[in-house]
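The following exercises practise the reading of a protein model. Each task is followed by a solution in steps.

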Amino acid sequence: MRPADALPYADIRVVEFTHMVMGPTCGLVLGDLGAEVIKVEPLAGDNTRHLLGSGAGFFSVFNRNKKSLAVDVKDPRGLEVVLKLCATADVFSENFRAGTMARLGLGYEALKGLNPRLVYVSHKGFLPGPYDHRTALDEVVQMMGGLAYMTGPEGQPLRAGASVNDIMGGMFGAIGAMAALRAREQTGRGQEVQAALFENNVLLVAQHMMQFAVTGQAAAPMPSRISAWGIYDVFTVRDGEQIFLAVVSDTQWATFCDAFQWGDLHADARLARNNQRVEARPWLLPLLRERLASWRATDLGAVFEREGLPFAPIIRPDQLLDDAHLLASGGLAPMTLPDGREARTPLLPLTLDGQRPPLRLNPPAVGEHTDALLYALGYREGDIAALRAAGVLAP
């Protein structure tokens, strides 16, 4: 665990008005890299804390390494607290509907006048343009941005199995903040940064857009695409187990055939080159499925691993909590949830000087750091008690 003051953004203070996934991801990245991230919440707490189903993990995943300040910003006394905090901040991050922050007195122009060095990051559905009045969600932009079309079978658009635009949109917000902080080193001034779900989705499908530009042929959905590789598929084997196997070069083809002692396939001139194997897929894949059907998935994986060939077991996300590699490499950190239960959470997928940026703070309870933050702003114990008694601060 590297000390907090050795992390690259240890001298940066971030104030965030965010909820759900996109905005909190920006703070997650900056917080994991050392920034002090202060999450300003309503008195009852961020609604994301209470989601069910597929949203149940949102708060715990995206709000570690943050402090919580619970305050009523619609009360002038609460707004004053937040404005004092923003005067000390390097970054302000928000992901509410257009106009919400301005109505609260926390828009870019207001905060720029208060703190000209402030970097103001807005996470929206769309960058400025004809669509920017629309309400966007990850699934909305996947549908209108071609990703759902590419993911599902023909005629059955299907959203990706994770909040890919929300997470990447928040990452681009963090990248924009980093760029603006670098520019501030040169100019002494902050600036406004915008990141958006729709434009993020367009980047995700850019390869398919450019495939059309290069070939003149529209990309087919992934389940019905013409694979670039002869063997690049999920195989159902003994006892109904499944495993993904890939052979993506002529050298790998020779290794694959030798590993299973399939001299007939190795010698078959129709299969000598990858493009030939792609063309042979209609008869080659059924043949391989038949030959591999009696194997156990674990035994196939052992052969592929020994030979250096690409393979993957088919794993559910919950099984990753006990993944041997993640446990051994430090990719999962122990975490205490706001309700006191213990869990493990994935860390950022990078190392700095050989170490993963650590979990320094558990996801906060509502208003957990309110008093400490107000003391640092110059409020006295009696001031804080009075604000709490007036309902401006959470109990």
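**Exercise 1.** Determine whether D239 is buried or exposed.

*Solution.* D239 has a relative accessibility of 60%. Buried means under 20% relative accessible area, exposed over 50%, and partly exposed in between (1.4 Å probe, protein chains only). D239 therefore counts as exposed. D239 lies in the loop that links β7 (231-236) with β8 (242-247). Its phi is positive, about 60 degrees, although D239 is not a glycine. Most residues other than glycine have a negative phi.

The model is predicted: local features need pLDDT of at least 70, side-chain atom pairs count only at pLDDT 80 or more, and totals for chains, interfaces and linings use all residues. Residues are numbered from 1 along each chain as its sequence is written, and side-chain values use heavy atoms, with hydrogens and water left out.

**Exercise 2.** State where Q261 is found and whether Q261 is buried or exposed.

*Solution.* The loop between α11 (250-259) and α12 (263-267) contains Q261. The phi of Q261 is near 60 degrees, a positive value in a residue other than glycine. With 72% relative accessibility, Q261 counts as exposed.

**Exercise 3.** Describe the chain as a whole, beginning with its secondary structure.

*Solution.* The chain has 18 helices and eleven strands; these are DSSP runs numbered from the N terminus (helices: H or I, at least four residues; strands: E, at least two). Its C-alpha trace spans about 85 × 45 × 40 Å along the principal axes. Of the 395 residues, 44% count as buried.
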